[in-house]
Amino acid sequence: MKARKIVLTSGKGGVGKTTATVNIGAALAKRGHRVILVDTDIGLRNLDLVLGLEKRIVFDLVEVVEGRCQVRQALIKDKRFESLAILPAAQTRNKDAITEDQMARLMDELATMADYVLIDCPAGIEGGFRNAVAGADEAIVVTTPEVSAIRDADRVIGKLAERSIPMRLIVNRIRPDMVRSGDMLSIDDVCEILSIELLGIIPDDEEIIDTTNRGEPLVLGDYRLRSIYEKIVRRLEGDLIPFTNLDAPGFFGRLIGALKAG
Amino acid sequence: MLPLRQPFDVAQSPAAVPVNLGRAIVITSGKGGVGKTTTTANLGTALAKRGANVALVDADVGLRNLDILLGLESRVRYHLLDVLEEKAELDDALVRDKHCPNLYLLAAAQAREKDEVDTESMRELIEELRERFEYVLIDCPAGIEMGFTNAVVGAQEAIVVCTPEVSAVRDVDRVVGLLGNAFAPKLIINRVRPHLVRKGKMLSVEDVNSILRLPLLGVIADEPEVIVSTNKGEPIALRTDSQTAKAYHSIAARIAGEDVAAPMVEYKETFMDKLGSLLGGRR
Amino acid sequence: MAVLRGKGLGLEIALGERDFEEALAELEGKLGERPGFYSGTQATAAVGPSGLPEEQLARLRTLLSGHGITLEGVTTAHPDDGEELARRRALRPKRELQLSDAARSLAPDFAGARKDIAVRRSRGESSVPRLVPVPEPELQLAEIEPAAPATLYHVGTLRGGQALHNVGNIVVIGDVNPGAELIAGGDIAVFGSLRGVAHAGAQGDAGARVYAVDLSPTQLRIATLIAADAGGREVPKQPEAACVQNERITIVPLNSAERFTKKTKEKVE
């Protein structure tokens, strides 16, 4: 059975695509799926860094495409999981080093070796974006509740729709206190503008900074955001998980009102 | 016989140029989301508040955002590509800022692609802007593809913006390498959270600059007010009560050549303000 | 005068003009108001010209460390002292001028150039010496056998994404940042911090070495062997070399006590 090939994209940079790719991938692997994460940001690779695997890179995506090594040689297995591997991008090359066709064929090959292939897309809508999307069947659009991110996500959604790629939305870095005071758009506002199915709502949390700097996926520790990612993964698998209330005890209990996260 | 080259006066700033041409500075980073556009909007505002004529150029074709940050999105009639393709005059495309009469915006196109921009035409356009403005700040898109090349082509100086995160440092380093020596890049470290740095949960300024090794223009702490100002379309540099605004103003002063106190002052102030309040409310 | 002040990124305990017991009590009170607030900071004590007796210093140190503050020094200078001001000025981060290639080419000895220019200007001469071509006698070029293979000599820092490849050796005067790559058939020497990827003996020479003033690579490769730093190596920064010993990549400090001899070349298929 072939894998699901999902690209994570956003348009705007810095909204959390790579962090989401790593944490969703790790959570999927924890559930027993075989997962391969692909970094397509040639020249600005970061996926390896966020997983803490940068020291083990021997071959990269471009070298595979150019035939200088086998795919299996380039894949780096994360020893903390049963079946999580990454295919790193090249750092000393440019995005014109591969074509959309080559990317599509490579993703198909990876799809024979895994259950999920998650493709981390670079920021923007140029060649890097086109390459990343060429290899995918589905998309997850990541945005933050800021007007510039939403505008860019909207543009990307337009481009994905042109290619008839089914997509779902993750809203990242939501701050319930700011939504409440009217200083930040609410989930409803965001969904109304973007009008695609919601996959996850992730609150802003400082623990992300340290975990990404140390290369530790959230599912490996007792982190507040861990359960959010676990729910996202369950929804990806097809379960209908409701979005938890932010004011549930043990979460942001001291806040009042019905804001959602999950 | 070829004339001897102009002797380079070392005592002057390397960015010194003949009086009649303005300074074109590109604001870039490689990594997205570190605050390039916010910095462009706020530095432009701060420089304009000092009395300079400033033009801001949004080079992020297809993903334009500078207009939103300035609250000018409804006033844009013609954009960068219209001017480059000679479908509109520069004067018609330049939008005057709502708050600063000597600040103008040249917006990007939204429904177009970055590779539709002709690099040579872009260079000429920036040159033309330099003839009319003291400062031309170019907001560079994320990445290092065509968008980056076109944003950089007309500039003589560069400001690189970095956050204290490993992936940002890595991307910025790549961009500095690509820029080479010609742009004399200077660094702004953005979104620092001093309490996390103290706890060792975030990179410090030294951690970041031990790799980047660039002259430091400023260090800006993370303030939620910045998000609010983005959403409202009013650059935070317009406010008088914000740490971030003060930081941008002192960076603008440094860019203008003033010998302002050491760049660490923004970082210290956050700590000092806490200390001040502890010692009896003196702020 | 308040006993506790901020100074630079740390604290200053002002004891110079105060009665010690009074000052210490005030300090204790201030620190007690917000326990843990200053934990992790460093402090200097500013004392009067007669200094501070050992016993008082010890009490001060104990009080501070009880709140997680390290007493890193004692200064007897008055803040308005000219010497103190000069010292503080010297501690401020210097802004470096970045010169264009054009500027660099004009004054080979940059360190002396600025002073030189000022001197010349004061004498009314031009700022920068203009080179005047002088007819020279024909030089006989020396016959030098080209060393094979040549060493690639690079002056400047290599940034992420940049790479140097050479069949012979590679020498870098500068840093090699993470994300940068050096691939040499021969040895690699970095006169700075090596933090990227270095591959020496890339064509099979396992006797090749990697030298650096600060050897902290993301990954080291010699011939067909690969090693990554396991991390947490608490070794003070010192010049080191990496070489192959017993079929493993080993790191050896380059200090004067060891005589570092070049072994005969080993070939690894």
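**Exercise 1. Two positive phi values in chain B**

Task: Decide whether B:Ala184 is buried or exposed, then place the residue in its chain and describe its backbone.

Solution. Step 1: count neighbours. B:Ala184 has 21 other C-beta atoms within 10 Å, so B:Ala184 is buried. The cut-off for buried is 20 or more. This is a predicted model, and the count is computed from it.

Step 2: locate the residue. B:Ala184 sits in the loop between α7 (166-179) and β7 (186-192) of chain B.

Step 3: check the backbone. Its phi is near 45°, a positive value in a residue other than glycine. Most residues other than glycine have a negative phi.

Step 4: repeat for B:Arg191. This residue lies in strand β7 of chain B. Its phi is near 65°, again positive in a residue other than glycine. B:Arg191 has 24 other C-beta atoms within 10 Å and is therefore buried.

**Exercise 2. A covered strand in chain B**

Task: State how many residues of strand β5 (residues 135-139) of chain B are buried, then find its partners.

Solution. Step 1: count. Five of the five residues of β5(B) are buried, and the strand is mostly covered.

Step 2: split the strand by face. In a regular strand the side chains alternate between the two faces of the sheet. On one side of β5(B) are B:Tyr135, B:Leu137 and B:Asp139; on the other are B:Val136 and B:Ile138. Both faces are covered.

Step 3: find the partners. Strand β1 (residues 23-28) of chain B runs parallel to β5(B), joined by five bridges. Strand β2 (residues 54-58) of chain B also runs parallel to β5(B), with five bridges.

Step 4: register the strands. B:Val26 faces B:Ile138 of β5(B) across the pairing. B:Leu56 stands opposite B:Leu137 of β5(B).

**Exercise 3. Helix α7 and the interface of chain A**

Task: Test the length of α7(A) against the expected span. Then find which element supplies the largest share of the side of chain A that touches chain B.

Solution. Step 1: take the expected span. The 16 residues of α7(A), at 1.5 Å a residue, should span 22 Å.

Step 2: compare. The end C-alpha atoms of α7(A) are 23 Å apart, which agrees.

Step 3: look at burial. Buried residues of α7(A) include A:Ala149, A:Ile150, A:Arg151, A:Asp152, A:Val156 and A:Leu160.

Step 4: look past the end. Just after α7(A), A:Ser164 has a positive phi of about 55°.

Step 5: turn to the interface. There, 33 residues of chain A are in contact with 33 residues of chain B. On the chain A side, α2 (47-51), α6 (127-134), α7 (147-162) and α10 (207-214) each supply at least two residues. The largest share, five residues, comes from α7(A).

Step 6: sort by type. The chain A side holds eleven nonpolar, twelve polar and ten charged residues.

**Exercise 4. The overall build of chain A**

Task: Check the radius of gyration of chain A against that of a compact globule.

Solution. Step 1: set the expectation. For 262 residues, a compact globule would have a radius of gyration near 18 Å.

Step 2: compare. Chain A has 18 Å, which agrees.

Step 3: add the dimensions. Along the principal axes, the C-alpha atoms of chain A fill a box of roughly 60 × 40 × 35 Å.

Step 4: add burial and contacts. Of the 262 residues of chain A, 55% count as buried. Among contacts in chain A with a separation of 6 or more, 75% are between residues 24 or more positions apart.

Step 5: list the elements. Chain A has eleven helices and ten strands.

**Exercise 5. Chain C: sheet and loop**

Task: Give the strand order of the six-stranded open sheet in chain C. Then classify C:Leu52 by its C-beta neighbours.

Solution. Step 1: read the order. The strands run β5-β7-β9-β11-β14-β15, with mixed pairing.

Step 2: name the edges. These are β5 (152-155) and β15 (248-253) of chain C, each pairing on one side only. The twist averages 25° from one strand to the next.

Step 3: inspect one pair. Three bridges join β11 (residues 210-215) and β14 (residues 240-245) of chain C, which run antiparallel. C:Val210 stands opposite C:Ala242.

Step 4: classify C:Leu52. With 18 C-beta neighbours inside 10 Å, C:Leu52 counts as partly exposed. C:Leu52 lies in the loop between β3 (42-46) and α2 (54-66) of chain C.

Step 5: add the chain totals. Buried residues make up 25% of the 269 residues in chain C.

Conventions
Residues numbered from 1 in each chain as written. Chains lettered and ligands numbered in written order. Predicted model: local features only at pLDDT ≥ 70, side-chain atom pairs only at ≥ 80, totals over all residues. Contact = placed C-beta atoms within 7 Å. Helix = DSSP H or I, 4+ residues; strand = E, 2+ residues; numbered from the N terminus. Nonpolar A, V, L, I, M, F, W, Y, C, P; charged D, E, K, R; others polar. Buried ≥ 20, exposed ≤ 12 C-beta atoms within 10 Å, placed from the backbone. Pairing = 2+ DSSP bridges. Expected span 1.5 Å × (residues − 1). Rg over C-alpha atoms; globule rule 2.2 N^0.38 Å. Axes fitted to C-alpha atoms, helices over the stretch in contact; angles between N-to-C directions.
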